[in-house]
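Student: I want to learn how to read features off a model. Where do we start?
Tutor: Let us look at it together, one feature at a time.

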Amino acid sequence: MMLSVCIPVYNFDVTELITDIRNQINTDDLDAEIIFIDDASQEEMRQRNEIVKSLTDHYILLEKNIGRSKIRNLFLKYSKSDYLLFLDCDGKIITKGFIKNYINFINNHHPDVVYGGRTVNESKPDLRYGLRWKFATERENLPVDVRKKSPYRDFQTNNFIVRKSVLENHPFDESIVQYGYEDLIFAKNLYKDKIKIEHIDNAIYNNDVETNEVFLKKADQSAKSLAHLIETDLDVRNSSNIKLAKAYALLKKTGGILIYKMFYKIMKPFIIRKLLSGKAELKTLDLYKLGQLIDYISKS
């Protein structure tokens, strides 16, 4: 078996995604399997996704939510392939030969890790969804030539291939149970062991539209995750690749933590209101995440 297509699912309809993958595998006669693992989604969503059971090679339903890192490691238990392709459940395939492109790259280059990229609709959405869209277009949806300049920093886990032996030796950090930074920690560990991350142009479309409220909640969760990592991981604490960790370290070094806490306490309601409006610049989001990070570290 050449490739295991791994779909971790949480409260999202994946019928279109898995149907498209199965059609590509069958049409191009590809040596690939599909593994579906549901991370304790709501019953209504489980029933909606049950239609894809016949299209998958492994269809697993978890009774307890285990989180983004642990569920990715769990795919090792079911994969029969030398390579695993991880796709986020909110992805949409937009390339006719998407799976075949990855298999051809594996055959020609025998990589350890490959990131294919992501994209979203170029048209501005309603302001209710503006924050997530702005973050995606300005910081995530980078062209391949830009990603290649910082291959570890610009790696993401929404659409990547990893050699099975690499993932076995460098599993995702299961102490990260909430949203945020599991991709950077995974990339950091690869960098330390000189395992190359390659970048190609094989993007998947981000098919989920998140409201400003939902995305702001995720930003808060990512700040909480980073606070834990700063306290437990010396590499993260001293990292220059994580902007938020770098900003916190600078404030701590210059004695500015208390001043920022006072500023943030006063400005937090205005910052949140601006972010929820959908009109804010991403610098405002950075101010929010830094304030949340400092609060979480102070409380620990």
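Tutor: Start with burial. A residue counts as buried when its relative accessible area is under 20%. Over 50% it is exposed, and in between it is partly exposed. Keep in mind that this is a predicted model.

Student: Is Cys89 buried or exposed?
Tutor: Cys89 has a relative accessible area of 12%, so by the 20% cut-off Cys89 is buried.

Student: And what is the relative accessible area of Cys6?
Tutor: The value for Cys6 is 0%, so Cys6 is buried too.

Student: How many disulfides are there?
Tutor: The test is a distance: two cysteine sulfur atoms must lie within 2.5 Å. Here the count is zero. For Cys6, the nearest cysteine sulfur belongs to Cys89, and that atom is 14 Å away. Turn it round for Cys89: the nearest cysteine sulfur is that of Cys6, again 14 Å away, and Cys89 is in no disulfide.

Student: Where does Cys6 sit relative to the strands?
Tutor: Look across to β4, where Cys6 stands opposite Phe86. The strands β1 and β4 run parallel and are joined by four bridges.

Student: Which other strand pairs with β4, and in what sense?
Tutor: That partner is β8, residues 159-163. β4 and β8 are antiparallel, with five bridges between them. In this pairing, Tyr83 stands opposite Arg163 of β8.

Student: How many residues of β4 are buried?
Tutor: Five of the five residues in β4, which spans 83-87, are buried. Read the strand by its two sides. Tyr83, Leu85 and Leu87 are on one side, with Leu84 and Phe86 on the other. Both faces are covered.

Student: Now a helix. What span should α1 have?
Tutor: Use a rise of 1.5 Å a residue. Helix α1 has 13 residues, 15-27, so the expected span is 18 Å. Its end C-alpha atoms are 18 Å apart, which agrees.

Student: Which residues of α1 are buried?
Tutor: The list runs Thr15, Leu17, Ile18, Ile21, Arg22, Gln24 and Ile25. Note that Arg22 and Gln24 are among them.

Student: How should I read backbone phi?
Tutor: Start from the sign. Most residues other than glycine have a negative phi. A positive value outside glycine therefore deserves a look.

Student: What phi does Asp29 have?
Tutor: Asp29 is not a glycine, yet its phi is positive, about 50 degrees. This residue comes just after α1, in the loop between α1 and β2 (32-38). At 69% relative accessibility, Asp29 is exposed.

Student: And what is the phi of Asn11?
Tutor: Asn11 also has a positive phi of about 50 degrees, and is not a glycine. Asn11 is in the loop between β1 (3-9) and α1. With 25% relative accessibility, Asn11 is partly exposed.

Student: Last feature: how many cavities of 30 Å³ or more does the search find?
Tutor: The whole-structure search returns one. The largest cavity holds about 40 Å³ of space.

Student: Which residues line the largest cavity?
Tutor: The lining is made of Asp88, Asp90, Gly91, Arg118, Asn158, Ile204, Tyr205 and Asn206. Strand β10, residues 204-206, gives the most, with three residues. Sorted by class, the lining has two nonpolar, three polar and three charged residues.

How values were computed
Residues are numbered from 1 along each chain as its sequence is written. This is a predicted model: local features need pLDDT of at least 70, side-chain atom pairs count only at pLDDT 80 or more; totals for chains, interfaces and linings use all residues. Side-chain values use heavy atoms; hydrogens and water are left out. Helices (H or I, at least four residues) and strands (E, at least two) are DSSP runs, numbered from the N terminus. The expected span of a helix is 1.5 Å times one less than its number of residues. Buried means under 20% relative accessible area, exposed over 50%, partly exposed in between (1.4 Å probe, protein chains only). Two strands pair if DSSP finds at least two bridges between them. On a 1 Å grid over the protein atoms alone, a cavity is a set of points where a 1.4 Å probe fits but cannot get out, and a pocket is an open set with protein on both sides within 12 Å along at least five of seven lines; lining residues have an atom within 4 Å of a point. Grid points are joined across faces, edges and corners, and a volume is the space filled by probe spheres set on the points. Ala, Val, Leu, Ile, Met, Phe, Trp, Tyr, Cys and Pro count as nonpolar, Asp, Glu, Lys and Arg as charged, and the others, Gly among them, as polar.
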